[in-house]
Amino acid sequence: MSDTKSVMIVGVGGQGSLLASRLLGNVLLAQGFDVKVSEVHGMSQRGGSVVTYVKYGEKVYSPVIEKGEADVIISFEQLEAARWVSYLKKGGHLIVSTQKLDPMPVIIGAAKYPENIVEKLKDLEVDVIAVDALSLAEEAGSSKASNVVLMGVLSTKMSFDDGLWQDALKQCVPAKFLELNKKAFELGKNV
Amino acid sequence: MKKLMLGNEAFARGLFEAGCKLVSSYPGTPSTEITEESAKYNEIYAEWAPNEKVAMEVAIGASIGGARAFCGMKHVGLNVAADPLYTVAYTGVNGGLVIAVADDPGMHSSQNEQDSRHHAIASKVMMLEPSDSQECRDFVKTAFDLSEEFDTPVIVRMSTRVAHSQSSVELFDREEKALKEYTKNPQKYVMMPAFAKARHVFVEERTKKLIAYSETSSLNKVEINDTKIGVITSGISYQYAKDTLGDTVSYLKLGIVNPLPVDLLKDFCKKFDTVYVIEELDGIIEEHCKVIGINNVKGKEIFGYIGELSQSIIAEKLLNKTSEFTAFSENVPMRPPVLCAGCPHRGVFYALSKNKITVSGDIGCYTLGAVAPLNAMDTTICMGASISALHGFNKVRGTESEKTSVAVIGDSTFMHSGITGLVNIAYNSTNSTVIILDNSITGMTGHQQNPTTGYNLKGDPASKVCLEDLCKAVGIKRVKVVDPYKLSETEAAIKEEIAINEPSVIISRRPCALLKYVKHKAPLSVDQNKCTGCKACLKIGCPAISIKDKKSVINHTQCVGCGICQELCRFDAIGGNE
């Protein structure tokens, strides 16, 4: 439907996209939207390419996002940004972590990891925001927090009250990691 | 209160609110979270059974015992539980009995794309199909009421997109249901021919009543817009149709997919020039329409039988609209799922691959051993088939085959249905070798306990099956335990056991590297001065190892220091965590 907004979170299984999507879903629900978040479980999670769809608006029907439909894509990895950019609308925002993870065909020499992905993405008709999320996550205290760094970046593209994000963090993150994740979120926000 | 919930989580909420007392299931994507979430409610007794047949029989027992009961499974799990299903259809229930079956159109995590509605039709059991999380909760509650009202088990059909999508759900309190009285009633519960004949008559009468109910039930919703086109749909397909077609068509959304109504469909179709039946997988609703004499429906000739539907498929097929999108200018390499860094299965598969052994495979994470660079699997059919199929393979191919083949099966899959195959190997004697990949957990579905782990679903200590004793008890004299992190030891054991002229079992024992209690060593590093770039370490397909500037490097975020790659390096270049 035309008033529905779509955000895709893409990455490699194990990078924490489920937490990111739940964070965003909770913020959107608190904001009063109808929300659908579609996740991938099972086999694809084992180091494969994973994608999560978040859709919101007055009324959301299909939980999936298709080519040319996403308003924002958050990619945890460069190659995944290249893989999924076709799902972005013209002029949509592409937030991409500059981290690179070789997929198995590249590791065994059956395929090549494309060079200068970020530059090539910038040639497309989309708004590319490249972030060294891994370094910022390490600065916050754990390389595993790059998902929350990227959600901090996303928050600057959405006009929701910061308090909603803070509440969602409290809901979704175990208490002992809350401070670390709050810091990661701030670092992302200030990119 | 409204909460964002997975379809499966909302399903569990429905179980809780409906006063369900017992849950028994076997994990299987995309159904697993229903049972995991149920276990979080103290009012519900929840367990992992060794397989779906046991789970369903446990739930049937609880229902006969007077409680509201549930069992959940994926589509192929219902094949395992088909035996009790087709007869509990005759006995009916005492306390309400609800069964979840989760289909996986698109095969995100499955070995086939079966449409489980066929089981509902064939077993003559009522089936409901929700289309979002709210309906999951609502339909489960209704399913229990219908089960008790019509004396029937009720299946609730899930699909991947409904099970694994979150949407908001209105929460209510639990309605506690007192245990119903149990009275001995062999005519109803002892299904021997004399009694079963009478119950079959009851089943046919019940089906008539259920059809009458479905004609007017609010689970089937008619949505008339000022249009010439009608759409009949159910489940997730309804969401895709609404997304694409909005108010430009009228809808009949079927919440009851078995038995299907007759007059409701006829009356709906009469109103329109053309009616599209939008359903994933098989054309069950469409065929039913044609059987009852409706001639203006179209479906499978447009949408086909394969994979998931989506809003863009509907837009393309019905509106001739394709979406515009941009694309990356170069070829993007695939990123298939792989065995995790530190996966204990890796060493076994490397040894099998290196020795060119024929591998009869099974269902679980280790199916990933089938892909490059390990390429160490010849067959994967269904839960437990590795062992029984190897026996058949070796029976026809003889001694030479016995010395070059193995079966591989996980601990949970072995308990599910591997044990019977092993009994057969011992009883009907082939000199087959079975490797039990014991990673002390049910891995692929996200770490569920099983009878070999020593813990139950709630995480409390439980009786633990000793695999060695079990294998010996069924008549396997040679049972050997190896540590798959010790590559040469593992390889030697495999070579020895396949050469021996008697059946044998190797238990490859090492817990899943993702388990929280597993302590990892520090990550390994490659000494760039010693590395010759020979790429021997790449042969194990570890996602933590890659090549930079013609030499190996190890990603420290991923590496868990398992050391398998160290054994492969002939130049002593890998180390640094001693």
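Which residue of chain B forms a salt bridge with E80(A)? To find out, select E80(A) in this predicted model and display its partner across the interface, R335(B), with which E80(A) forms a salt bridge whose closest N and O atoms are 2.5 Å apart. This pair belongs to a set, for the count between chain B and chain A is 6 salt bridges, and there are also 19 residue pairs in polar contact between chain B and chain A, with both residues at pLDDT 80 or more.

Next, colour the side of chain B that touches chain A by its secondary structure elements: β1 (2-6), β8 (165-170), α11 (235-245), α15 (311-319) and β21 (545-548) of chain B each supply at least two residues there. The largest share, 5 residues, comes from α11(B), and the residues of this side as a group divide into 25 nonpolar, 24 polar and 11 charged.

Now move to β8(B) and select, together with it, strand β2 of chain A, residues 34-38; the two strands run antiparallel and are joined by 3 bridges. Within this pairing, centre the view on K36(A), which stands opposite S167(B) in β8(B).

Finally, select every residue that takes part in the interface, which brings up 60 residues of chain B in contact with 58 residues of chain A. With both sides shown as surfaces, the area buried between chain B and chain A is about 4900 Å², and carbon and sulfur atoms give 59% of that area.

Definitions and conventions. Residues numbered from 1 in each chain as written. Chains lettered and ligands numbered in written order. Predicted model: local features only at pLDDT ≥ 70, side-chain atom pairs only at ≥ 80, totals over all residues. Heavy atoms only, no water. Contact = heavy atoms within 4.5 Å. Buried area = accessible area lost by both parts, 1.4 Å probe. Salt bridge = Lys/Arg side-chain N within 4 Å of Asp/Glu carboxyl O. Polar contact = N/O pair within 3.5 Å; in protein donor to acceptor, adjacent residues only side chain to side chain. Helix = DSSP H or I, 4+ residues; strand = E, 2+ residues; numbered from the N terminus. Nonpolar A, V, L, I, M, F, W, Y, C, P; charged D, E, K, R; others polar. Pairing = 2+ DSSP bridges.
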